[in-house]
Amino acid sequence: MIALYLTLLIPLAATLIFALIGHWKHAGSLNLLVCAATFATSLSCAVDVFNNGALMSPGKLFYVDAFNVYLVLVNALVGLTTAIFSRPYMAHEVEIGRVDDARMRLYHSMYQGFLLTMLVALTTNNLGLLWVAVEGATLATVLLVSLYRTPESIEAGWKYFILCGVGIAQALFGTVLVYFAAERVLPGAEDALLWSVLKDHAAELEPTVLTLAFVFLLVGYGTKIGLVPLHNWLPDAHSEGPTPMSAILSGLLLNIALYAVVRYKMLIEPALGNHLPGYLMIGFGMLSFTVAGILLHRQKDIKRMFSYSSIEHMGLMTLAFGIGGPLATFGGLLHMIVHSLTKSAIFVTVGHAAHVAGTQSIDKIRGLIRTQPSIGWSFLLGVVAIAGFPPFGVFTSEFLLFSATIKGWPLLVIPLLIGLAVAFAGLFRHLQPMVFGEPPAGQVPVKANMLPVLLHLLVVLWLGVAIPDVLSRWLDQATIMVVGRGLL
Amino acid sequence: MTLTQLPLAEQFVLTLAALILFTSFLLLAQSRIVSLIHTFAWQGALLFIATCLMALTSGRHHLFISAFMTLALKVFFIPWQLRRLVVRLDIRREVETVGNASLVMIGGGALVLFSYYVVLPIRELSFLATRNTIAISLAVILIGMLMIITRRKAVAQVIGFMSMENGLFFAAVVATYGMPMVVELGVAFDVLVAAILFGIFFFQLRSGIGSLDVDHLNRLHEVDR
Amino acid sequence: MKGWLLALVQTGLLAFGAPFLAGWVKWIKCRLQSRQGPPPWQPYRDLLRLFGKEVVVAEAASPIFRIAPYVVFSVTALACSVVPMVAIGLPTAAIADVIVLVGFFALGRFFLALAGMDVGTSFGGMGSSREMTIASLAEPAMLLGVFTLAMTVRSTNLASMIGYLIEQPFQLYPSFVFAAMGLVLVAVAETGRIPVDNPATHLELTMVHEAMILEFSGRHLALMEWGAMLKLMIYSVLLCNLFLPWGVAVDFAPLSLLIGLGAITLKLLLLGTALAVAETGLAKMRLFRVPQYLGLAFILCLLGMLSHVILEVN
């Protein structure tokens with residue numbers, strides 16, 4: 001229990017402290033240290049949950065079970081490794097004068113604030129607080145997107161703010177409707193929004209209200225997931241903010257929003273007695289997957305390209321949870337981990353690559369492997385992993401998803417395969433010249449710490465070759481929670 | 001149960017709901033920035049009165065806290081801050097012609113009808129006297145959205161955004177006598193932070209693109225050219 | 001028999017009270033502008049004087065020009081007979097409902113506009129075209145507002161509408177709030193008051209009603225002027241009695257009739273004062289803004305209708 005509180009309190013304290021000393025020259029190291037502490041406490045929390053089952057805080061405000069604790073762990077891990085990357089990256093940005101002291105304070109404070117909101121969103125038991133935390137995550141990152149104050153970044157920040165604000169408002173309306181349905185069953189109860197309470201009363205909730213609520217919730221949180229056609233903010237926000245931001249946005253924020261949708265699906269689908277939520281998710285997932293795969297081809301900015309790849313993968317996961325059933329759900333849960341790790345690794349690498357080339361334009365990044373082999377190789381491996389090549393973990397989860405699709409929705413396999421091929425082509429078309437091409441004259445290596453990338457890719461590789469027993473049991477527990485049956 | 005069977009206080013809440021909807025329409029059509037801010041403040045004031053009445057008639061006194069948070073935030077702080085920013089950015093006299101105002105108005109009317117039909121199955125269920133207002137609150141939310149879509153000025157978009165928040169708050173009040181306190185506080189905090197961030201953004205927009213006209217935000221495209 | 005007599009008296013009251021209302025508004029307005037102003041009964045003198053004067057008709061005028069004043073006046077006077085002013089339950093009330101009333105006004109307006117164009121002066125044509133533009137926008141709003149009321153009281157007959165409202169204990173209908181606001185805006189436009197039209201001037205290029213009757217003289221002019229005053233009176237009585245129905249006599253006992261008369265007099269004087277205050281405070285708007293103004297009236301009436309459907313029925 002204490003570990004859980006510490007997991008939340010450490011980032012909270014750090015948010016406040018960094019607001020004052022975030023420009024200190026060792027702030028980056030301190031940030032790293034804080035993230036390491038958060039990771040350690042979340043690890044201890046995870047062990048606790050693994051041994052003793054779900055954990056509930058005394059005020060019932062926080063609730064950690066098998067489903068969210070592994071996301072907490074992934075969250076803390078990606079936060080840590082991105083902090084490792086962020087230290088030299090931001091030092092470089094300060095050096096070239098793109099950010100000043102005030103913005104460094106903002107950056108470090110909001111980095112921790114963002115992690116805090118993510119962790120609160122994951123661990124809270126209160127569905128209203130979940131909304132507050134997800135909205136808080138937007139607010140924490142919106143100024144980071146416009147950190148560089150270029151016209152493009154301000155445009156991206158404004159779009160992000162308005163679109164996500166509008167979208168997330170729909171989710172609050174959905175939450176109100178759920179509370180409304182719950183109040184009929186539990187009149188006057190302050191705890192009628194608590195997940196742990198609602199779950200027990202799911203069958204009594206009014207289906208008509210919940211149907212409507214789910215539509216609003218899916219649209220609301222779906223905006224945050226980046227589902228087409230609500231995705232417009234996502235590529236802009238990813239491409240214009242500082243790269244560590246892109247890494248945690250893509251690796252964490254999207255996952256949290258999906259987590260929220262899945263939580264509601266767990267609640268609402270049994271209450272409805274039909275698969276409407278699942279069908280909606282399949283529809284949105286398929287659309288996002290296809291459209292993002294096509295748009296991938298038309299990008300000239302490397303970060304934009306990978307953000308479309310994020311949309312594509314989020315669509316895939318939404319599809320997986322929409323199909324339901326143990327196989328697809330297990331695949332979806334696994335995909336959340338591997339996508340999170342791989343995509344943040346890619347963004348870290350891309351950040352370094354952009355420093356090497358001095359630009360984010362795909363046409364101008366050339367010959368990475370000759371200028372700086374470590375970046376070139378990481379980039380190559382990262383893209384291979386995200387494209388779903390064996391033996392990386394993305395392949396495993398996609399394979400599981402495909403098996404489930406063949407079983408349940410055989411016709412969907414055709415667009416799925418075509419979509420994967422299209423996205424694959426889109427990525428590899430650009431990969432070859434960027435990695436192996438002729439480097440422009442005067443291109444020099446930069447100071448880069450490839451440890452996080454290496455770590456992430458190794459974990460992804462490991463998950464692809466052999467999922468450790470601990471993790472598979474864990475994911476199985478989560479699968480049981482989500483769909484009622486396990487895979488193992 | 002029809003209107004005539006309700007106590008007068010609840011009839012008054014219904015009338016306030018209708019007036020809140022009316023202010024939404026005014027926001028949609030209002031072209032002068034300062035009047036826009038004032039109309040928004042009025043909407044907040046109506047919301048405050050409605051919440052107080054609900055608190056009185058239902059005896060749920062925690063609603064008073066929410067009501068006074070609304071008063072402080074939506075009636076005083078946000079309009080005051082927006083006004084200050086408008087003065088400081090020297091855009092007080094700016095007039096935004098709403099493109100095809102009557103079409104936008106008809107769109108607003110259509111949204112009201114749409115929300116009515118969406119909410120129809122829910123109304124049948126509620127045992128609150130004010131259930132009919134759920135449709136109104138959804139309409140306020142959607143009209144706020146319409147305002148964000150049709151307006152080109154950043155200030156107007158922010159007001160649309162905040163008026164959506166008003167609709168959400170109203171929905172929570174009339175559907176369930178407000179959310180649990182911790183959520184109310186959280187939402188109010190988010191709104192406060194959002195209001196401050198919007199202020200910062202105005203300055204960034206002004207310095208970045210030299211105008212608060214979001215039509216100038218056209219550098220990023222879905223497909224790179 | 002008593003009912004018919006009362007109806008006749010009531011119509012007479014409306015018809016002969018109308019100039020006083022117009023004079024009252026003008027007098028209050030002058031007072032508000034720190035002017036002496038003509039006394040409230042000045043319109044009677046003007047009308048008398050005009051009736052005594054010779055009629056001059058333009059050479060180009062067709063018979064329509066000659067009959068228009070009579071048609072306009074008699075149609076308006078006929079409208080007077082169906083408006084419940086002091087008492088409801090009069091036999092004349094069954095003749096026509098509120099839709100016919102709108103029809104009467106439309107007929108009068110039709111002849112007025114024709115007469116305006118008849119002589120072929122540029123002013124008359126301009127006035128007619130403006131009048132019809134405004135009317136085409138005001139009428140839908142007005143009907144929508146009237147329907148909103150009719151849906152609540154389940155009748156389009158004016159007397160039974162008012163009767164229903166008096167019988168009920170006090171109710172706060174959201175739809176009535178909107179319909180009242182919308183109908184006030186429509187009434188201002190229809191009776192040609194500021195900010196849509198300025199009744200006090202013959203000299204502006206933007207005038208509407210005055211432009212149409214510019215060619216009339218003598219008793220023709222008197223009838224036209226009187227018709228306009230009647231229209232103002234009818235609208236005022238309707239607004240008063242529909243939205244503040246208290247005091248209207250439901251039976252023919254002398255006391256209740258007296259109360260009814262006192263109540264409507266008080267209401268009309270107050271309404272006239274409010275109108276004068278509003279006219280003093282507002283400036284006439286540009287003609288091109290009138291569609292926006294009437295659009296607002298339409299939206300208000302539409303919202304009234306919607307809030308009736310959404311909030312009031314189940």
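These are legends for several close-up views of a predicted model with chains A, B and C.

**View 1. Who touches whom among the chains.** Two pairs of chains touch, and the pair with the most contacts is A and B. Chains A and C, on the other hand, don't touch, and their nearest C-alpha atoms sit 18 Å apart.

**View 2. The side of chain A that touches chain B.** Here 42 residues of chain A meet 40 residues of chain B. On the chain A side, three helices each put in at least two residues: α5 (127–145), α6 (151–185) and α8 (207–225). Which of these gives the most? That would be α6(A), with 19 residues. Sorted by class, this side of chain A carries 22 nonpolar, eight polar and twelve charged residues.

**View 3. Chain B, the whole fold.** Chain B is built from seven helices and has zero strands, so reading from the N terminus you just get α-α-α-α-α-α-α. How does its radius of gyration sit against the globule rule? Chain B comes out at 18 Å, close to the 17 Å the rule gives for 225 residues, so chain B is as compact as a globular protein of that length. Its C-alpha trace spans about 60 × 35 × 35 Å along the principal axes. Of the 225 residues in chain B, 55% are buried. If you take contacts in chain B between residues at least 6 apart in sequence, 71% of them join residues at least 24 apart.

**View 4. Helix α7 of chain B and what follows it.** Helix α7 of chain B covers residues 181–209, which is 29 residues. From first C-alpha to last, α7(B) reaches 41 Å, close to the 42 Å expected at 1.5 Å a residue. Right after α7(B) comes B:Gly210, with a positive phi near 75°.

**View 5. Annotated spans in chain B.** An unreviewed UniProt entry lists residues 12–29, 36–56, 62–80, 101–119, 125–146, 158–179 and 185–203 of chain B under "transmembrane region". Two of these get a close look here. Residues 101–119 of chain B are 100% helix and 0% strand, with end C-alpha atoms 27 Å apart. For residues 158–179 of chain B, the helix share is 86%, strand is again 0%, and the end C-alpha atoms lie 24 Å apart.

**View 6. Annotated spans in chain C.** For chain C, the UniProt record (also an unreviewed entry) gives "transmembrane region" for several stretches, including residues 6–25, 70–92, 98–120, 228–249 and 255–278. How much of residues 228–249 of chain C is helix? The share is 73%, with 0% strand, and the end C-alpha atoms are 27 Å apart. Residues 255–278 of chain C are 100% helix and 0% strand, and their end C-alpha atoms lie 34 Å apart.

**View 7. Around C:Ile64.** C:Ile64 belongs to helix α3 of chain C, which runs over residues 63–82. Is C:Ile64 buried, exposed or partly exposed? It counts as partly exposed, because 13 other C-beta atoms lie within 10 Å, while being buried takes 20 or more and being exposed takes 12 or fewer. Setting aside neighbours within four places in sequence, C:Ile64 contacts C:Leu114, C:Ala115 and C:Asp118. Take C:Asp118: C:Ile64 and C:Asp118 are 54 residues apart in sequence, yet their C-alpha atoms are 7.5 Å apart in space.

Notes: Residues are numbered from 1 along each chain as its sequence is written. Chains are lettered from A and ligands numbered from 1 in the order in which they are written. This is a predicted model: local features need pLDDT of at least 70, side-chain atom pairs count only at pLDDT 80 or more; totals for chains, interfaces and linings use all residues. UniProt positions are given in the numbering used here, feature names are shortened, and annotations may be inferred rather than shown by experiment. Helices (H or I, at least four residues) and strands (E, at least two) are DSSP runs, numbered from the N terminus. Two residues are in contact if their C-beta atoms, placed from the backbone, lie within 7 Å. Ala, Val, Leu, Ile, Met, Phe, Trp, Tyr, Cys and Pro count as nonpolar, Asp, Glu, Lys and Arg as charged, and the others, Gly among them, as polar. The radius of gyration is taken over C-alpha atoms; the globule rule is 2.2 Å times the number of residues to the power 0.38. The expected span of a helix is 1.5 Å times one less than its number of residues.
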